[in-house]
Amino acid sequence: AAELRALDPDVVGLQEAAWARGRGDAATRLAEALGHHLVWGSATERVVPVRALGWLVVRMLGFSEGPAILSRFPIVARELHDLPRCQRRLDPRVLLGAVLETPAGRLRVYSAHTSRGDECQVRRVGELVAARRGALPGLLMGDFNAVEGSPAIRSLITGAGLVDAFRAANPEAAGPTVWQRIDAPGPTVGRRVDY
């Protein structure tokens, strides 16, 4: 929260935002600390095809996780899309979308966390985002578990017509995002899989 306060972002995309019995709701605590609006979507509730059973699984486990979007601007709409399970049947993933009321107009933003190596999930994310374009460019944030130049990431750029904002602003920077050990005194990251 302190680091995000210092950055003062308009929008934050979270992946793997967890709710756990006894620990509470991490996304809500972060949104409150920043004074942001929040939407969240549970991927865990979708572990089985019957929603009522998924809800029971979450209650029994006392845990759920999924993507979240935090925004300083009001959130006027929300949507949650199931992603295909092309490689892992018991690994539910979702794309969370929100419409923000900004001074420039309504902005569509998305947050997703896809399975490692599941190109069809990333392609579906690109299709959903491209199909919902509005007057303003959309913003997609995610942990796509795929390195730059992989077929999955290329599909977002060539297939969905998206722009890698980090790469556009930093053509030569490596920009690694994983794996940072929280107890390490310096950077331990070596790969970029978060965009």
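**Glu-16 and strand β1**

I started with Glu-16, which I found in strand β1, residues 11-20. I kept in mind that this is a predicted model. Glu-16 has a positive phi of about 60°, although it is not a glycine. I then looked up how open the residue is: its relative accessible area is 45%, so Glu-16 counts as partly exposed.

**Asp-25 and the start of α2**

Next I went to Asp-25, which belongs to strand β2, residues 24-25. Is Asp-25 buried or exposed, or partly exposed? I read 25% relative accessibility, and because the cut-off for buried is under 20%, I put Asp-25 down as partly exposed.

What does the side chain of Asp-25 do at α2? Asp-25 caps the N-terminal end of that helix, with a side-chain oxygen 3.2 Å from the backbone nitrogen of Ala-27. I also noted a polar contact of 2.7 Å between the side chains of Asp-25 and Thr-28. Leaving out neighbours within four places in sequence, I have Asp-25 in contact with Ala-18 and Trp-19.

I checked one long pair as well. Asp-25 and Arg-192 are 167 residues apart in sequence, and their C-alpha atoms are 27 Å apart in space.

**Helix α2**

Which residues of helix α2 (residues 26-34) are buried? I listed Ala-27, Leu-30, Ala-31 and Leu-34. Around the axis they cover an arc of only 100°, so they sit on the same side of α2. I then looked for what covers them, and the list includes α1 (2-7), β1, β2, β3 (37-40) and β4 (63-71). Just after the helix, Gly-35 takes a positive phi of about 70°.

**Asp-91 in its loop**

I moved on to Asp-91, in the loop between β5 (75-82) and β6 (94-102). Its relative accessible area is 17%, so I logged Asp-91 as buried.

Which side chains make polar contacts with the side chain of Asp-91? I found Arg-93 at 3.0 Å and Ser-115 at 2.6 Å. Not counting residues up to four places away in sequence, Asp-91 touches Arg-85, Ser-115 and Gln-121. Ser-115 therefore goes into my notes twice, as a polar partner and as a contact, with the buried state of Asp-91 noted alongside.

**Asn-145, then helix α5**

Asn-145 was my next stop, in the loop between β8 and α5. Asn-145 is not a glycine, but I read a positive phi of about 50° for it. At 17% relative accessibility, Asn-145 counts as buried.

From there I followed the chain into α5. Its buried residues are Ala-152, Ile-153, Ser-155 and Leu-156. Seen down the axis, they fall within an arc of 155°, so they line one face of the helix. What covers these residues includes α4 (119-131) and β8. I also marked Gly-161, just after α5, with a positive phi of about 70°.

**A cis peptide bond**

I looked up the peptide bond from Val-178 to Trp-179 and found it cis, with omega near -15°. Trp-179 lies in the segment after α6.

**The largest pocket**

How much volume does the largest pocket have? I noted about 650 Å³. It is lined by 25 residues, and the closest to its centre are Leu-139, Leu-140, Val-163, Ala-165 and Tyr-195. I wanted to know which elements give two or more residues to the lining, and these are β7 (105-113), β8 (139-143), α5 (151-159) and α6 (165-169). By class, I counted off 15 nonpolar, 4 polar and 6 charged residues in the lining.

Two of these elements were already in my notes: β8 is among what covers the buried residues of α5, and both β8 and α5 contribute to this pocket.

**The second largest pocket**

I closed with the second largest pocket, which holds about 150 Å³ of space. Which residues line it? I wrote down Gly-13, Leu-14, Gln-15, Thr-177 and Asp-194. By class, that lining has 1 nonpolar, 3 polar and 1 charged residues.

Conventions: Residues numbered from 1 in each chain as written. Predicted model: local features only at pLDDT ≥ 70, side-chain atom pairs only at ≥ 80, totals over all residues. Heavy atoms only, no water. Helix = DSSP H or I, 4+ residues; strand = E, 2+ residues; numbered from the N terminus. Buried < 20%, exposed > 50% of the residue type's maximum accessible area, 1.4 Å probe, protein only. Contact = heavy atoms within 4.5 Å. Polar contact = N/O pair within 3.5 Å; in protein donor to acceptor, adjacent residues only side chain to side chain. 1 Å grid on protein atoms, 1.4 Å probe; cavity = no way out; pocket = protein on both sides within 12 Å on 5 of 7 lines; lining within 4 Å. Points joined across faces, edges and corners; volume = space filled by probe spheres on them. Nonpolar A, V, L, I, M, F, W, Y, C, P; charged D, E, K, R; others polar. Arc of directions from axis to C-beta.
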